[in-house]
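Me: I would like to go through the assignments in this model one at a time, asking in each case what the label rests on.

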Amino acid sequence: STTVSACGTSYTWSVSGASYTASGTYTYVNPSTPCHTEELVLTLTPSTNVDDVVSACGTSYTWAVDNNTYTASGSYPFANGCGTTTLVLTLTPNTTNSTTVSACGTSYTWMGNTYTASGTYTMPGTGACVTEELVLTLTPNTTNRKTVAEGGTAYTWMGSIITASGT
């Protein structure tokens, strides 16, 4: 007996020349040797083709199907048994939009968030592979006061003439 596992929807047996479209056990008696019977035990497995469509951020992607790392967008077929799985890969580089701010005061509001300390802050951007970054320097407000007690009616301070008392 001959055991065959074949991919597809049909199999042609070289002994008899017959084509079979289903799994099963088949016999053939050769007319030239009628006392000899050939037996075929056939298992047919339909071929399958599957696309695995992936969009990934960065410069590389490791596909779990074949454990290979791909560094360019494209189509990558992988034969597995009676079929092919094709990775259809789109790689999009990561992008960081950086905003540098020097602000006076004790807080700064950026993209709906209020920050009370200098530092670098990140949040997701408008695209899947975009990061927004804030580089913030906060400087507390300061007031320079000068007390002047002079006789007379006017005082010049930082280029301005002051004629009345006050703060």
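Me: Why is the disulfide of Cys 7 and Cys 82 called left-handed or right-handed, and what is the torsion about its S-S bond?

Reply: This is a predicted model, and everything that follows is computed from it. The torsion about the S-S bond of Cys 7 and Cys 82 is about -75°, so the disulfide is left-handed.

Me: How do you know that Cys 7 and Cys 82 form a disulfide?

Reply: Their sulfur atoms are 2.0 Å apart, and a pair of cysteine sulfur atoms within 2.5 Å is a disulfide, so the pair qualifies. The bond links distant parts of the chain, 75 residues apart, with Cys 7 in strand 1 (residues 2-7) and Cys 82 in the loop between strand 9 (74-80) and strand 10 (83-92).

Me: What makes Cys 57 and Cys 129 a disulfide, and which hand does the torsion about their S-S bond give it?

Reply: The sulfur atoms of Cys 57 and Cys 129 are 2.0 Å apart, and the cut-off is 2.5 Å, so this pair also meets the definition. The torsion about the S-S bond of Cys 57 and Cys 129 is about -85°, so this disulfide is left-handed. Cys 57 belongs to strand 6 (residues 48-57) while Cys 129 sits in the loop between strand 14 and strand 15, and the link again joins distant parts of the chain, 72 residues apart. A search of the whole structure finds two disulfides, and with the bonded cysteines numbered in sequence order the pairing is 1-3, 2-4.

Me: Why is Cys 129 called buried or exposed, and on what value does the label for Cys 57 rest?

Reply: Cys 129 has a relative accessible area of 11%, and buried means under 20%, so the residue is classed as buried. Cys 57 has 34% relative accessibility, and since the range between 20% and 50% is called partly exposed, that is the label Cys 57 receives. Cys 7, at 41%, likewise counts as partly exposed.

Me: What label do Cys 35 and Cys 104 receive, and why?

Reply: Cys 35 has a relative accessible area of 83% and Cys 104 one of 63%; exposed means over 50%, so each is called exposed.

Me: How do you know that strand 1 and strand 5 pair, and in which sense?

Reply: Two strands count as paired if there are at least two bridges between them, and strand 1 and strand 5 (residues 37-45) have six, in the parallel sense. Cys 7 takes part in this pairing, its bridge partner in strand 5 being Thr 45. Strand 5 also pairs with strand 4 (residues 24-29), in the antiparallel sense and over six bridges, and there Tyr 26 stands opposite Leu 40.

Me: What makes strand 11 and strand 14 edge strands?

Reply: They belong to an open sheet of three strands, in the order 11-15-14 and with mixed pairing. Strand 11 (95-104) and strand 14 (119-124) each pair on one side only, and they are the edge strands. From one strand to the next the twist averages 20°. Strand 14 pairs with strand 15 (residues 130-139) in the antiparallel sense over six bridges, and the bridge partner of Gly 119 in strand 15 is Leu 136.

Me: Why can Trp 157 be part of a nonpolar surface patch?

Reply: Trp 157, in strand 16 (residues 155-157), has a relative accessible area of 35% and is partly exposed. Patch residues need over 30%, so Trp 157 passes that cut-off. Together with Met 158 and Ile 162, Trp 157 makes a patch of about 330 Å².

Note on methods. Residues are numbered from 1 along each chain as its sequence is written. This is a predicted model: local features need pLDDT of at least 70, side-chain atom pairs count only at pLDDT 80 or more; totals for chains, interfaces and linings use all residues. Side-chain values use heavy atoms; hydrogens and water are left out. Patches are made of residues with over 30% relative accessible area and no salt bridge: like charges are joined within 9 Å, nonpolar side chains (Val, Leu, Ile, Met, Phe, Trp, Tyr) within 5 Å. Accessible areas come from the Shrake-Rupley method with a 1.4 Å probe; for residues, only the protein chains shown count as cover. A salt bridge is a side-chain nitrogen of Lys or Arg within 4 Å of a carboxyl oxygen of Asp or Glu. Helices (H or I, at least four residues) and strands (E, at least two) are DSSP runs, numbered from the N terminus. Buried means under 20% relative accessible area, exposed over 50%, partly exposed in between (1.4 Å probe, protein chains only). Axes are lines fitted to C-alpha atoms, for helices over the stretch in contact, and angles run from 0 to 180 degrees between N-to-C directions.
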